[in-house]
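Here is a friendly walk through one protein model and its ligand. Keep the sequence and the 3D view open as you read.

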Amino acid sequence: MNLVMNIDKRELLTDLSDLVRDDFPILRGDIRGQQLVYLDNAATTQKPLQVLDTIDRYYRQHNANVHRGVHTLSQEATDQFEEARRIVARYINASSESEIVFVRGCTEGVNLVASTYGRANIGKADEVLISAMEHHSNIVPWQMLCETVGARLRVIPMNEQGELLLDEYRSLLNDRTKIVALVHVSNSLGTVNPVKEVIEAAHERGIPVLLDGAQAMAHESVNVQELDVDFYTISGHKVFAPTGIGALYAKKNHLENMPPYHGGGEMIRSVTFEKTTYAEPPAKFEAGTPNISGAIALGAALSYVEKIGKERIAEWERELLRYGTERLSQVEGLKLIGTASRKASILSFTLDYAHSHDIGTILDGEGIAVRTGHHCTQPVMQFFGLSATTRASLALYNSKEDIDRLVEGLEKVKEIFA
Ligand code: PLP
């Protein structure tokens, strides 16, 4: 019985890339005369027809500014924009769509929290706790805040596998810790952090937690209420939506108490030269004309993922990760960087006879797109004593054949360099 179920499951899994690939027109293309193999999904994902058509339809049929007009197009644009907010809230199980602020992406989400919540609640000699595996976007805004207010940035260490040291984390929490800001899934190591435990330990001391969800949204089921997380940043372009749109989830009480971020239209209740009063959240944090088509397309992208099924995608990616780890481990001179016991489908590696930029260039000649460099995580590279890695990051439309092509490409690198 078990065997039959496993076989059925495997067939279902094998089907997934076949099933969705046609939704992504760019994947049909050739690069340097070879069928494209796109393995740079942690940098940005490709966009399905469902998203492309939504943008096209919006500009052809509904384009107008939101929230201000009584005319039909403005109401249509507003309805679609606010529907997108409801979709984001549903996707991460926020208790209300008013807890969703549209921003440009994760970088802006973290900057918003550091500049508003941070400036209002973090002062001299206070501490901000981040981890050793943060993307620069979850380091620099906190450093800037610390410099401004005289606070101290502290770092949760990790081990050689790229796993957080939880005991060290607990001992770093103290009365001066005013926020913990942690990446949910590491973009350069693939580590899926034990965020529930991290949040519980922080909350025991009344410390709020921000999670950088850039890499998690396309691969993990995110449930902000179950996590009880205070702030969660979302990047649209990492989850099949366009660039320049993302969202910040924040608990209602935080949004109510935080001062605004940008000043301008849309975020006000009333303005006189003497005094301005602010709109209720989320409008309070959305000054100016928002990225309307982007938000609507983000809604379409998340609906697309929901339709395929988050668990089904996660299962397929687990299988790709298993297969990719196995195949890459057999490549001579290859070392995987990031071997945590819980990983997302990210394979960072070095080859002992070639620099990652050369690897990336040779692979590009074979039609294979990977990312090389420090992946905006220079402290991670410093920890491993490296200047760069080559990173293959997989998404639902990748297949085992894509991984085979990568391994063949690496054989070419070996022919040239070894
Ligand atoms: N955090 C992580 C872990 C990322 O991988 C990235 C992008 O690579 C970011 C933050 C920045 O996200 P965005 O491009 O939405 O600003």
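Is T45 buried or exposed? T45 counts as buried, because its relative accessibility is 3% and the cut-off for buried is under 20%. Please keep in mind throughout that this is a predicted model.

**From T45 to the ligand**

T45 sits in the loop between β3 (37–38) and α2 (49–62). A polar atom of the T45 side chain lies 2.7 Å from the backbone oxygen of H237. H237 is a good residue to follow next: an N or O atom in its side chain is 2.8 Å from an oxygen atom of the ligand. Taken alone, the ligand exposes 390 Å², and the protein buries 87% of that.

H237 has company at the ligand. The table lists side chains with an N or O atom in polar contact with a ligand oxygen.

| Side chain | Distance to a ligand oxygen |
|---|---|
| S235 | 2.7 Å |
| H237 | 2.8 Å |
| H135 | 3.3 Å |

What does the shell around the ligand look like by class? It has three nonpolar, eight polar and two charged residues. Of the 13 residues around the ligand, the ones that come nearest are T107, D212, Q215, S235 and K238. S235 thus appears both in this nearest group and in the table, with its polar side-chain atom 2.7 Å from a ligand oxygen.

**Helix α4 and the cysteines**

T107, one of the residues that come nearest to the ligand, has a number that falls within helix α4 (residues 106–121). This helix has 16 residues and reaches 21 Å from its first C-alpha to its last, close to the 22 Å expected at 1.5 Å a residue. Which residues of α4 are buried? They are C106, E108, G109, V110, N111, L112, V113, A114, T116, Y117 and G118.

After α4 comes a loop that leads to β5 (127–131), and A125 lies in it. A125 has a positive phi of about 70 degrees although it is not a glycine. At 48% relative accessibility, A125 counts as partly exposed.

Back at C106, you may wonder about disulfides. How many does the structure hold? It holds zero. C106 is in no disulfide, and the nearest cysteine sulfur, that of C376, is 12 Å away. C376 is likewise in no disulfide; its nearest cysteine sulfur is that of C106, at 12 Å. For C106 the relative accessibility is 6%, so it counts as buried, while C376 is partly exposed, with a relative accessible area of 33%.

**Helix α10 and its two ends**

Does the length of helix α10 (residues 292–308) agree or disagree with what its residue count predicts? With 17 residues at 1.5 Å a residue, α10 should span 24 Å, and its end C-alpha atoms are 25 Å apart, so the two values agree. The helix is mostly covered, with 14 of its 17 residues buried.

At the start of α10, a side-chain oxygen of N291 comes within 2.8 Å of the backbone nitrogen of G294. The loop between β12 (276–278) and α10 holds P282, and the peptide bond from P281 to P282 is cis, with omega near 5 degrees.

Just after α10 comes G309, which takes a positive phi of about 110 degrees. G309 lies in the loop between α10 and α11 (310–329). Its relative accessible area is 17%, so G309 is buried. The C-alpha atoms of G309 and A283 are 26 residues apart along the chain and are separated by 31 Å.

**Two more loop residues**

G33 is found in the loop between β1 (30–31) and β2 (34–35). It is exposed, with a relative accessible area of 69%. The C-alpha atoms of G33 and E366 are separated by 8.2 Å, with their positions 333 residues apart along the chain.

H67 lies in the loop between α2 and α3 (72–91). Phi of H67 is near 65 degrees, a positive value in a residue other than glycine. With a relative accessible area of 39%, H67 is partly exposed.

Key: Residues are numbered from 1 along each chain as its sequence is written. This is a predicted model: local features need pLDDT of at least 70, side-chain atom pairs count only at pLDDT 80 or more; totals for chains, interfaces and linings use all residues. Side-chain values use heavy atoms; hydrogens and water are left out. A residue is near a molecule or strand if one of its heavy atoms lies within 4 Å of it. A polar contact is a pair of N or O atoms within 3.5 Å; within protein, one must be able to donate a hydrogen and the other to accept it, and residues adjacent in sequence count only if both atoms are side-chain atoms. Accessible areas come from the Shrake-Rupley method with a 1.4 Å probe; for residues, only the protein chains shown count as cover. Ala, Val, Leu, Ile, Met, Phe, Trp, Tyr, Cys and Pro count as nonpolar, Asp, Glu, Lys and Arg as charged, and the others, Gly among them, as polar. Helices (H or I, at least four residues) and strands (E, at least two) are DSSP runs, numbered from the N terminus. The expected span of a helix is 1.5 Å times one less than its number of residues. Buried means under 20% relative accessible area, exposed over 50%, partly exposed in between (1.4 Å probe, protein chains only). A disulfide is a pair of cysteine sulfur atoms within 2.5 Å.
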